[in-house]
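User: Please walk me through the model shown below, one question at a time. I would like the reasoning as well as the result.

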Amino acid sequence: MLLTITASFSPATDLGYLLHKNPSRAQSTDLGFGKAHVFYPEVNAERCTVALLLEVDPIGLVRGRNGPAGADRKLEEYVNDRPYAASSFLSVAIARVFASAMAGTSKERPELAAQELPLEAHLAALPCHGGEGLLRRLFEPLGYRLDATQAPLDRSHPEWGMSPYFSVTLRANRRLADLLTHLYVLVPVLDDDKHYWVGDDEVEKLLRRGAGWLDSHPERDLIVRRYLRHQTSLARAALERLTAEEEPEADTLETEHAVEEQRLESRIRLGEQRIDAVLAMLKQSGAQRVLDLGCGEGHLLAALLKEKLFHEIVGMDISHRSLERASDRLRLERMPERQRERVRLIHGSLMYRDRRLEGYDAAALVEVIEHLDPPRLRAMERNVFEFARPRTVVVTTPNSEYNVRFEGLPAGRLRHRDHRFEWTRAEFERWAQDIGERFGYEPRFLPVGNEDAAVGAPTQMAVFGR
Ligand code: SAH
């Protein structure tokens, strides 16, 4: 999968400063689902072209996904267009590899980052579901001139007709950040295939990336629906917020929700009790190298760091924002070197198989599973219990039976608006037993917080050993 961007302002080599990528050096980044390579096939004062070549590992993708292993897999799950066609994977790569350019920042050339520049983007194979018509309806309102050539299914069999893939060139005077953002949102919309990453977080991303152009785009509704993969409830939520008059910043909302939950739980110091309980389990397990999966702002990481026992501590989260906050909370920048070597923050998703998570003694998922859509839990289960496979896994989640004891929580409401579910003790135990059977672990169940005779403790914890 190949994207090139050509600058023709002068000196065109300044493109390197805008992208924070040196034109004289090729660079590769591991993205979990494959590798992104950045290099410059053309560098001179008049024209400078950067190439982003993305190699997607289709086998790794399948293995990381939910569903039966081995014989039950269909051939097309292994043999598909994902390695070649521009798709949501390209968006992930753009956001990772060109993060600061996409944010519109440049240390060396801030004025250039803010300027409209003559730019040209070329996508070698863009699947366009909706044809050239839709391609034009998406990009032309944003000021792009467009050349598109549709590829036949097979050049040696013209009678088979055309493929959905287009070779596309877009030209415009735009800020580089705008060009990258438009590609980030619109490539998956045209592809309209499965994303492996639609969740509430995506609504936030779409609103953030769409700021300033999406609300007035004539195809706004189609973009939102397709970007959120026809999940009508998410699409509706996004559209409501796009049309809301006083729209709070996406991240502010997320924080508000977390604060609501904290407020509910703080009266009983539940957060601290949870960390203490998880810490005790990890110590008991004898683990020295531990993972905090969905580490959020790093409360558990801070507690782990205080214990010399833990030599290697890795926090992973899908949210960059949370990782930044964790880094601030832990004062990573100012940490003495010996301490600093013990802890690492990585950006990643529990939805993908991730080799960086293999070989650890223990993993904690503290208040994370209830943020995952039930059908997507299966992917997490395999990635944690089958692939990463630490000896001990500690999982905590709310005990929904306890909710009646929270003042100010209306009956039937979940503790946090981003929770996809909250389980009773029986539901949690059934889930954990099933994992035990499927992956060869033995779960133990422990209450966290003061246990109520009728409804149990506010938090429930399972400690899986094997
Ligand atoms: N463990 C932390 C945070 C809990 S909130 C604590 O106890 O304070 C849930 C966290 O899971 C959030 O930080 C969220 O960004 C993260 N998360 C949600 N989906 C994820 C995914 N697919 N992969 C990794 N992290 C995810």
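User: Which residues of α13 are buried?

Analyst: This is a predicted model, in which local features need pLDDT of at least 70 and side-chain atom pairs count only at pLDDT 80 or more, whereas totals for chains, interfaces and linings use all residues. Residues are numbered from 1 along each chain as its sequence is written, and side-chain values use heavy atoms, with hydrogens and water left out. Helices (H or I, at least four residues) and strands (E, at least two) are DSSP runs, numbered from the N terminus. With buried meaning under 20% relative accessible area, exposed over 50% and partly exposed in between (1.4 Å probe, protein chains only), the buried residues in α13 are L270, R274, I275, A277, V278, L279, M281 and L282.

User: How far apart are the end C-alpha atoms of helix α13?

Analyst: The expected span of a helix is 1.5 Å times one less than its number of residues. Helix α13 covers residues 270–284, and its 15 residues should therefore span 21 Å. The separation of the end C-alpha atoms agrees with this, at 21 Å.

User: In what order do the strands of the seven-stranded open sheet run?

Analyst: Two strands count as paired if DSSP finds at least two bridges between them, and the pairing in this sheet is antiparallel. The edge strands, each pairing on one side only, are β2 (27–30) and β6 (145–152). Neighbouring strands are turned against each other by 15° on average, direction ignored. The order is β2-β3-β4-β1-β5-β7-β6.

User: Which residue of β7 is the bridge partner of A148?

Analyst: Strand β7 spans residues 162–174 and pairs with β6 in the antiparallel sense over seven bridges. In β7, the bridge partner of A148 is V168.

User: What angle does the direction of helix α7 make with that of β6?

Analyst: Axes are lines fitted to C-alpha atoms, for helices over the stretch in contact, and angles run from 0 to 180 degrees between N-to-C directions. Helix α7 (residues 131–139) packs on the sheet and touches β5, β6 and β7, where contact means heavy atoms within 4.5 Å. Helix α4 (residues 88–97) also packs on the sheet, its direction making about 125° with that of β4. For α7 against β6, the angle is about 155°.

User: Which residue forms a salt bridge with R137?

Analyst: A salt bridge is a side-chain nitrogen of Lys or Arg within 4 Å of a carboxyl oxygen of Asp or Glu, and the whole structure has 25 of them. The pair that includes R137 links distant parts of the chain, from helix α7 to the loop between α9 (200–209) and α10 (220–227), 82 residues apart. R137 counts as partly exposed because its relative accessibility is 42%, while its partner is buried at 16%. With the closest N and O atoms 2.7 Å apart, that partner is E219.

User: How far apart are the closest N and O atoms of R405 and D452?

Analyst: R405 lies in the loop between β12 (392–398) and α18 (425–439), and D452 in the loop between β13 (442–448) and β14 (459–465), 47 residues apart. R405 is partly exposed at 40% relative accessible area, as is D452 at 21%. Their salt bridge has its closest N and O atoms at 2.6 Å.

User: How many disulfides does a search of the whole structure find?

Analyst: A disulfide is taken as a pair of cysteine sulfur atoms within 2.5 Å. Among the cysteines, C128 is buried at 4% relative accessibility, and C295 is buried at 7%. The number of disulfides found is zero.
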